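Biologist: I would like a close look at a single part of this model. Please choose one side chain, describe its surroundings, and then set it in the context of the whole chain.

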Amino acid sequence: MIKLDKPMFEQCDVLDECLSNMKNGSRKTNILSSKETIIEKSEEYDELASKGKLYQVAEHSEVEGGATCADMKALYEQKFVPKGEKGRKYYDKLMLLVPNERCPYCGQRIVKTLDHYLPKSLYPTYTITPNNLVPACSECNKSKLADSTNSFEEQVIHPYYDDFSEEVWISAKVIEEDPVTFNFFVSCPETWERKKFERAKNHFRDFELNSVYKSHSSEEYIACENRIKKIFAVGGKTAAIEFLEENIEDKLCIRKNTWQAAMYQALIDSAWYWDKYILTKV
């Protein structure tokens with residue numbers, strides 16, 4: 001949803017830093033035996049991700065060369081994440097890739113953790129691959145289940161590789177009841193291929209974004225309804241729509257796809273809102 005710049009770290013450097021003071025001899029030996037594979041596969045990851053083909057990576061329980069899933073998990077949890085460890089500087093740099101601390105998956109909540117785009121439990125080779133580590137909010141990290149995917153469409157949007165920002169595709173519709181609420185969904189721009197549309201819908205579903213945006217939009221609408229009523233009373237529907245369009249323009253300065261802009265557009269497009277609802281409130 002929010003496009004991020006790819007991390008500019010070398011896999012070899014990240015691995016060497018994490019291993020530099022690792023004391024568990026057998027675990028360190030296992031990972032060192034897999035070092036060449038991890039570096040090679042990180043390059044392959046970049047190539048596949050650039051083509052939207054990470055679904056082609058096969059699940060595996062250990063890294064070629066000797067490192068187990070438990071070895072890689074320990075490397076991440078003990079040498080990459082903790083403050084004071086040498087790998088932590090990469091963790092911190094990854095967290096700084098996000099503008100305004102907004103989660104790139106939902107575009108709403110604050111980033112608090114790193115998500116393994118390919119889950120480390122199923123793809124241990126990429127446990128500390130920088131391009132596989134995405135800053136995310138805790139809720140999106142939990143919502144994104146540790147499942148594999150079998151097609152382009154099933155993959156959630158990858159913030160480092162996928163650009164879904166060129167067209168408006170987050171839409172909303174007014175639920176015709178008092179108080180006013182909204183449903184959010186994915187609309188298909190004319191320039192999109194069907195499989196891109198399906199992928200956006202799957203992303204929206206997997207992260208339960210309708211529920212996320214719906215809860216926030218109720219509060220947002222309450223905050224502006226009084227202003228809409230005052231403008232409508234003085235200048236009618238035309239003036240009120242101009243106010244909403246100004247709000248949309250402000251949101252577009254942030255990015256093309258926000259639930260706020262979709263909400264305001266839904267109000268503009270709703271005949272029920274203007275012909276039945278707002279008239280009873282003025």
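Modeller: Contact here means heavy atoms within 4.5 Å. The model is predicted: local features need pLDDT of at least 70 and side-chain atom pairs count only at pLDDT 80 or more, while totals for chains, interfaces and linings use all residues. Residues are numbered from 1 along each chain as its sequence is written, and side-chain values use heavy atoms, with hydrogens and water left out.

The side chain chosen is that of W272, which lies in helix α10 (residues 271–281). Helices are DSSP runs of H or I with at least four residues, strands are runs of E with at least two, and both are numbered from the N terminus. W272 has a relative accessibility of 15% and therefore counts as buried. Buried means under 20% relative accessible area, exposed means over 50%, and partly exposed is in between, with a 1.4 Å probe and protein chains only. When neighbours within four places in sequence are left aside, the contacts of W272 are V174, I175, E176, E177, V180 and Y277. One of these partners, E176, is 96 residues from W272 in sequence, yet the two C-alpha atoms are 6.9 Å apart in space.

The backbone also merits attention. D178 and P179 are joined by a cis peptide bond, with omega at about 5°. P179 belongs to the loop between β3 (170–175) and β4 (181–186). Most residues other than glycine have a negative phi, and most peptide bonds are trans. Two glutamates also depart from that rule for phi. E101, in the loop between α5 (88–95) and β1 (113–116), has a positive phi of about 60° although it is not a glycine. E208, placed in the loop between α7 and α8 (209–252), has a positive phi near 50°. E208 counts as exposed because its relative accessibility is 51%.

For the chain as a whole, the order of elements along the sequence is α-α-α-α-α-β-β-α-β-β-α-α-α-α, which comprises 10 helices and 4 strands. The C-alpha atoms fill a box of roughly 75 × 40 × 25 Å along the principal axes. Of the 282 residues, 48% count as buried. Among contacts with a separation of 6 or more, 70% come from residues 24 or more positions apart. The exposed area of the chain is about 14000 Å², of which carbon and sulfur atoms supply 46%; accessible areas come from the Shrake-Rupley method with a 1.4 Å probe, and for residues only the protein chains shown count as cover.

Charge is the remaining topic. The chain carries 39 positive and 46 negative side chains, and the centres of the two sets lie 4 Å apart. Lys and Arg count as positive and Asp and Glu as negative, whereas His and the chain ends are not counted. The place of a charge is NZ of Lys, CZ of Arg, CG of Asp or CD of Glu.

Side chains of opposite charge can pair when their charged atoms come close. The whole structure contains 15 salt bridges, each defined by a side-chain nitrogen of Lys or Arg within 4 Å of a carboxyl oxygen of Asp or Glu. One of them joins D46 and K6 at 2.9 Å, N to O. D46 lies in helix α3 and K6 in the segment before α1 (11–19), so this pair ties together parts that are 40 residues apart in sequence. Both residues are partly exposed, D46 at 23% and K6 at 30%. K79 and E85 meet in another salt bridge, at 3.4 Å; K79 is buried at 11%, whereas E85 is partly exposed at 22%.

K201 and E198 form a salt bridge of 3.3 Å, N to O. Both lie in helix α7 (residues 194–206), 3 residues apart, about one turn of the helix. Shared partners among salt bridges join R194, E198 and K201 into one network.

A negative surface patch is made up of E10, D13, E36, E40, E43, E47 and E64. Patches consist of residues with over 30% relative accessible area and no salt bridge; like charges are joined within 9 Å, and nonpolar side chains (Val, Leu, Ile, Met, Phe, Trp, Tyr) within 5 Å. Helix α3 (residues 35–50) gives the most to the negative patch, with 4 residues. E64, by contrast, is placed in the loop between α3 and α4 (69–80), and E64 is exposed, with a relative accessible area of 59%.
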